[in-house]
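Q: Could you take me on a close look at the place where the ligand sits? I am new to reading structures, so please go step by step.

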Amino acid sequence: MWSTAVVHSAENSQSYAASMEGIRETYVRYAPGVEHRRADEDEIVAKIVDELHALNAVAYDKHQHATRDAHAKSHGVLRGDLTVYPDLPGVLRQGLFGQPASYPVMVRLSTAAGEIRSDQIAGLRGFAVKVLGVPGPRALPDDDTGNQDFLLVNKPTIPFGHVEAYLAAMRLAKKQAKVPDAALKVAGVVARTAGHVLDAVQLPKPAPVAGLGMPNTHILGETFHSMAALRYGDYLAKISAAPLSEPVRTLTGVPIDRDGDGVLRELVVDFFRDNAAEYELRAQLCTDISTMPVEDASVLWPESESPHLPIAKLSFPPQDAGSAARRVYADDVLSFNPWHALAAHRPLGSIMRVRRQAYEASTSFRHAMNAVPRVEPRSIEELPG
Ligand code: HEM
């Protein structure tokens, strides 16, 4: 943990002496000018949202139940707490992490495809965190959720890191939409059906429609990333969550060795029947906007320049992570959205801006077609046991 004796306040200065491991001399300060919109961004965004929706409507016709345009399949839902570390240096004491506090959280574990597939197919896994009851001004004036969502996946970058690249990749991805599960399992190729191209993260550029998948490992041992940047109070950051306690750390890289299309849920439920878990939430601050851009989320922010620094702990006690009531609540009632955010954690860059419309369209359709009211939780007790 941080030693308060060596903490320097960043509040009154643009820079301060590096005095502890991981702390750098200067950090880029947030200002609206760090973002740059293309002149035709609205047009591209509309095309992305329309194409995602069209594919989701096809999925609805097939299943007569609306799922998410992306991350359709959940693998467990967790109840826990986020505890802000009490002695953070000033530069990390920002927004939600501005003072020591503890908040209840809900976490939905998922796979990125918009279609429900076998867990034997490797794919990008999601870790969506909803922090409940966070005080402070909101990123969007019409967002009255009062919650802070962090949507994380187990890769640090997205190869299609701005809207133009994303639209092009979506169009290529559509061509792969009809590959059957069996073929995907045999080839180790990752599905991106229903058009969500996040699943293609591990595929070599410039051929995102075919390639070998990433290893299929235990979801609870993964490290999860925001991929894109967000405002971190006075600064800019990417956020990540890494296994901290021994029982989850030992699961890192452990291959899935059980049969079954729902094996990830089984593994999560089995783990939490007897075990607690802790993950560390970390911020990687931007030190140079030219090498750590916000408008191209395909660029890996070098850890040699700026390491991921611990800011809070996520703790989950043993629990029934896979009850039917919980799954239905998380899949059909809940909406996670990077724009459920404090102004201090405003999502940044075009890949974040497109998500404002994309998530709204997906969640509206899902709730309307399933005739399920959209309810944003105000209390952790709303999560079924
Ligand atoms: C920057 C990188 C991104 C990350 C880390 C990310 C992560 C996630 C995660 C973890 C979820 C699951 C949330 C849940 O459990 O409910 C999700 C859902 C979703 N994502 Fe993304 N995503 C990214 C970019 C995008 C982009 C660029 C689009 C579309 C243009 C998109 C569209 C969606 C949609 C439509 C949903 C479902 C929303 C709902 O119906 O509730 N995502 N994403």
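A: Here is a walk around the ligand, from its iron atom outwards to the spaces in the protein. Keep in mind that this is a predicted model.

Let's start at the metal. The iron atom of the ligand has a single donor from the protein, and that donor is the OH atom of Tyr-359, 2.0 Å away. If you want to find Tyr-359 in the 3D view, look in helix H7. Tyr-359 also appears in another contact: a polar side-chain atom of this residue lies 2.7 Å from a nitrogen atom of the ligand.

Two arginines join in. The side chain of Arg-355 has an N or O atom 3.1 Å from a nitrogen atom of the ligand. For Arg-366, the partner is an oxygen atom of the ligand, with a polar side-chain atom of Arg-366 at 2.8 Å from that oxygen.

Now step back to the whole shell. There are 27 residues around the ligand, and those that come nearest are Arg-68, Arg-108, Tyr-359, Ser-362 and Arg-366. Sorted by class, the shell has 16 nonpolar residues, six polar ones and five charged ones. Which elements supply at least two residues of this shell? They are helix H1 (41-63), strand S4 (148-153) and helix H7 (350-369). The largest share belongs to H7, which brings eight residues to the shell.

Next comes the space itself. The ligand sits in the largest pocket, and this pocket holds about 950 Å³ of space. Its lining is made of 47 residues, with Phe-336, Asn-337, Arg-355, Tyr-359 and Glu-360 nearest the pocket's centre. You have already met two of these names: Arg-355 through its polar atom 3.1 Å from a ligand nitrogen, and Tyr-359 through the iron. By class, the lining of the largest pocket divides into 21 nonpolar, 13 polar and 13 charged residues. H1, strand S2 (102-111), strand S3 (125-131), S4 and H7 each give at least two residues to this lining. Once again H7 has the largest share, here with 11 residues.

Finally, let's visit the cavities. The model has two cavities of 30 Å³ or more, and the second largest cavity has a volume of about 70 Å³. The elements that give two or more residues to the lining of this second largest cavity are S4 and H7. This time S4 provides the largest share, five residues. The lining has 13 residues, and Phe-150, Leu-151, Leu-230, Pro-338 and Met-352 lie nearest the cavity's centre. Of the lining residues, eight are nonpolar, three polar and two charged.

To bring the tour together, follow H7: this helix holds Tyr-359, gives the largest share of the shell around the ligand and gives the largest share of the lining of the largest pocket.

Key:
Residues are numbered from 1 along each chain as its sequence is written. This is a predicted model: local features need pLDDT of at least 70, side-chain atom pairs count only at pLDDT 80 or more; totals for chains, interfaces and linings use all residues. Side-chain values use heavy atoms; hydrogens and water are left out. A residue is near a molecule or strand if one of its heavy atoms lies within 4 Å of it. A polar contact is a pair of N or O atoms within 3.5 Å; within protein, one must be able to donate a hydrogen and the other to accept it, and residues adjacent in sequence count only if both atoms are side-chain atoms. On a 1 Å grid over the protein atoms alone, a cavity is a set of points where a 1.4 Å probe fits but cannot get out, and a pocket is an open set with protein on both sides within 12 Å along at least five of seven lines; lining residues have an atom within 4 Å of a point. A molecule sits in a cavity or pocket if more than half of its atoms lie within 2 Å of its grid points. Helices (H or I, at least four residues) and strands (E, at least two) are DSSP runs, numbered from the N terminus. Ala, Val, Leu, Ile, Met, Phe, Trp, Tyr, Cys and Pro count as nonpolar, Asp, Glu, Lys and Arg as charged, and the others, Gly among them, as polar. Donors are N, O and S atoms within 2.8 Å of the metal (3.2 Å for Na, K and Ca); water is not among the atoms, so sites may look incomplete. Grid points are joined across faces, edges and corners, and a volume is the space filled by probe spheres set on the points.
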